[in-house]
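Hi there,

As promised, I am handing the structure over to you now. Have a look at it first, and then read on for what turned up.

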Amino acid sequence: MKALKFIEEELEIIAVQNQERTLKLHNNENIKGDFSSKDYLALAGSELLIEVAIEAMKKYGVGARASRLLSGNLPIHMELEEEIALWKRKESALLFGSGFLANIGVIPALVGEKDIIIADRLIHASLVDAALLSRAKFFRFNHNDPSHLEFFLKRRGDYKNCIIITESVFSMDGDIAPLKEIKQLADQHDALLYIDEAHSTGIFGPEGAGIALQENIVGENVILMGTLSKAIGAYGAFVATSERVKKFLVNKARSLIYSTAIPPAIAAAALAGIRWIRNNSEAGKKLLVNAKLFREKLHNYKIDTLQSASQIVPVMIGQNGLALAISRFLLERQILALAIRPPTVPQNKARIRFSITLKHTQELLIEVALLLAEAFQNVKR
Ligand SMILES: *Cc1c(COP(=O)(O)O)cnc(C)c1O
């Protein structure tokens, strides 16, 4: 059919470039280690979260039934927000349906056509979409390079408001942003600073509250975003901010206003997850020790892991085909670690991204490092 011709053409291009994505079913029974899961603290399947979710579901039902601005605002949502605010040491917190929804709701609420966004080049796809949706002027500074950020800040010109966007732990590289320098520049240039802490929340910092707190990045111009779907083991997301900014977002963030509230059982599970993390912050520390061990083993085999300093460890490969072949080699040995290819990462920077979780023992990590060394030697390009 002619109207669908472009779909065939586009799919052909994707296939030729070895960039085809599929929805695979992974039979985890045959898997010794799943390295693509973000369940960093192994909370998603924990008895604790399951029990709490069941109780909440019995109490509130399954769905939240409406947006929080209508009748969907339940006590469990308020309780969860209070806990997040305390944890992140902010005045308040605001829940969103997911991290993607938080980003595409908050950024366009804060900045528009007359404003400017200056973001790290490697920010998550949801933040790129948020920037485009906002219609603000959008500049991207070189990854983790405050001097390049400053270059744009100095040329801010007639734009009204300015927001700087970064992640604290980067999702594809596992490295950490120079938050102190970035915060200083934000203060100097009257900019807002939006930090996506999807991967540092629950792992780093006091009570696992993230890197921004660990680095003492505080102040009214700082907005911290985090997900409930990764270390916390549930689903949904939040921003932690001042009362005034929250009030503003409740009035302006379209993905909050026009979308149903988080299912109450999920909110209850997230609350239990956060409380567990606050009382067990050694869990995140242990995870980081294990990730460091894994990196050290890889470096011994001359395998490049970029500047990773977190539980996310990219094993750099380059060519898409080779990344897929090494991923298959690992899968044949019961290790699930998927190749990440363009456009998620730049051209010729295909990699296998290992997300280390507490399910992985040190013995397994050592074994996988050895398997990778074998794969690099044996797999044909
Ligand atoms: C996963 C992720 C998101 C999206 O969060 P979801 O809750 O999965 O929608 C946003 N930002 C970053 C950096 C992420 O890694």
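Strand 9 and strand 12 (residues 350–355) run antiparallel and are joined by 6 bridges. This is a predicted model, so please read everything below in that light. One of the contacts between these strands puts isoleucine 312 opposite serine 355, its bridge partner in strand 12. The two strands belong to an open sheet of 3 strands, in the order 9-12-11, with antiparallel pairing. Which strands stand at the edges? They are strand 9 (312–318) and strand 11 (339–340); each has a single partner strand, so one side of each is left without a neighbour in the sheet. As general background, strands of a sheet pair through backbone hydrogen bonds, either parallel or antiparallel.

Next, the open spaces, which may be what you want to look at on screen. The largest pocket has a volume of about 610 Å³. It is lined by 21 residues, and those closest to its centre are Thr22, Lys24, Leu338, Ala339 and Arg341. Two elements, helix 13 (320–331) and strand 11, give two or more residues to this lining. Helix 13 has the largest share, with 4 residues. Sorted by class, the lining of the largest pocket has 8 nonpolar, 6 polar and 7 charged residues. Strand 11 therefore turns up twice in this message: it stands at an edge of the sheet, and it also contributes to the lining of the largest pocket.

The second largest pocket holds about 360 Å³ of space. Of its 17 lining residues, Leu122, Ile123, Ala125, Pro343 and Thr344 are the closest to the centre. Which helix gives the most to this lining? That is helix 5 (residues 125–134), with 3 residues. By class, the lining of the second largest pocket comes to 9 nonpolar, 3 polar and 5 charged residues.

There is enclosed space too. In general, rolling a probe the size of a water molecule over the atoms shows where empty space is left. Here the structure holds 1 cavity of 30 Å³ or more, and the volume of the largest cavity is about 70 Å³. Its lining is made up of Arg68, Leu95, Phe96, Gly97, Leu101, Ser255, Leu256, Ser259, Thr260, Ala261 and Ile262. Strand 2 (92–96) and helix 10 (254–257) each supply at least two of these residues. The lining of the largest cavity divides into 6 nonpolar, 4 polar and 1 charged.

Now for the aromatic rings. The count comes to 5 aromatic pairs. One of them is formed by phenylalanine 35 and phenylalanine 294, which are stacked, at 6.4 Å centre to centre and with 20° between the planes. This pair links distant parts of the chain, 259 residues apart: phenylalanine 35 is in the loop between strand 1 (33–34) and helix 2 (47–60), while phenylalanine 294 is in helix 12 (residues 282–300). Are these two rings buried or exposed? Phenylalanine 35 counts as buried because its relative accessibility is 0%, and phenylalanine 294 is buried as well, with a relative accessible area of 0%. Another pair, phenylalanine 151 and phenylalanine 152, is edge-to-face, with 5.3 Å centre to centre and 80° between the planes. Phenylalanine 151 is partly exposed, at a relative accessible area of 36%, whereas phenylalanine 152 counts as buried, at 12%. Ring pairs also link Phe35, Phe294 and Phe354 into a cluster.

Charges sit over rings in these places:

- The charged end of arginine 333 is over the ring of phenylalanine 329, 3.6 Å from its centre.
- The charged end of lysine 88 is over the ring of tryptophan 87, 5.5 Å from its centre.

One last residue to mark is lysine 292, which lies in helix 12. With a relative accessibility of 45%, lysine 292 counts as partly exposed. Its C-alpha atom is separated by 24 Å from that of isoleucine 195, and the two residues are 97 apart along the chain.

Happy browsing, and do write back with any questions.

Best wishes

Terms used: Residues numbered from 1 in each chain as written. Predicted model: local features only at pLDDT ≥ 70, side-chain atom pairs only at ≥ 80, totals over all residues. Heavy atoms only, no water. Phe/Tyr/Trp six-rings, centres within 6.5 Å; stacked < 30°, edge-to-face > 60°. Buried < 20%, exposed > 50% of the residue type's maximum accessible area, 1.4 Å probe, protein only. Lys NZ or Arg CZ within 6 Å of the ring centre and 35° of its normal. 1 Å grid on protein atoms, 1.4 Å probe; cavity = no way out; pocket = protein on both sides within 12 Å on 5 of 7 lines; lining within 4 Å. Points joined across faces, edges and corners; volume = space filled by probe spheres on them. Nonpolar A, V, L, I, M, F, W, Y, C, P; charged D, E, K, R; others polar. Pairing = 2+ DSSP bridges.
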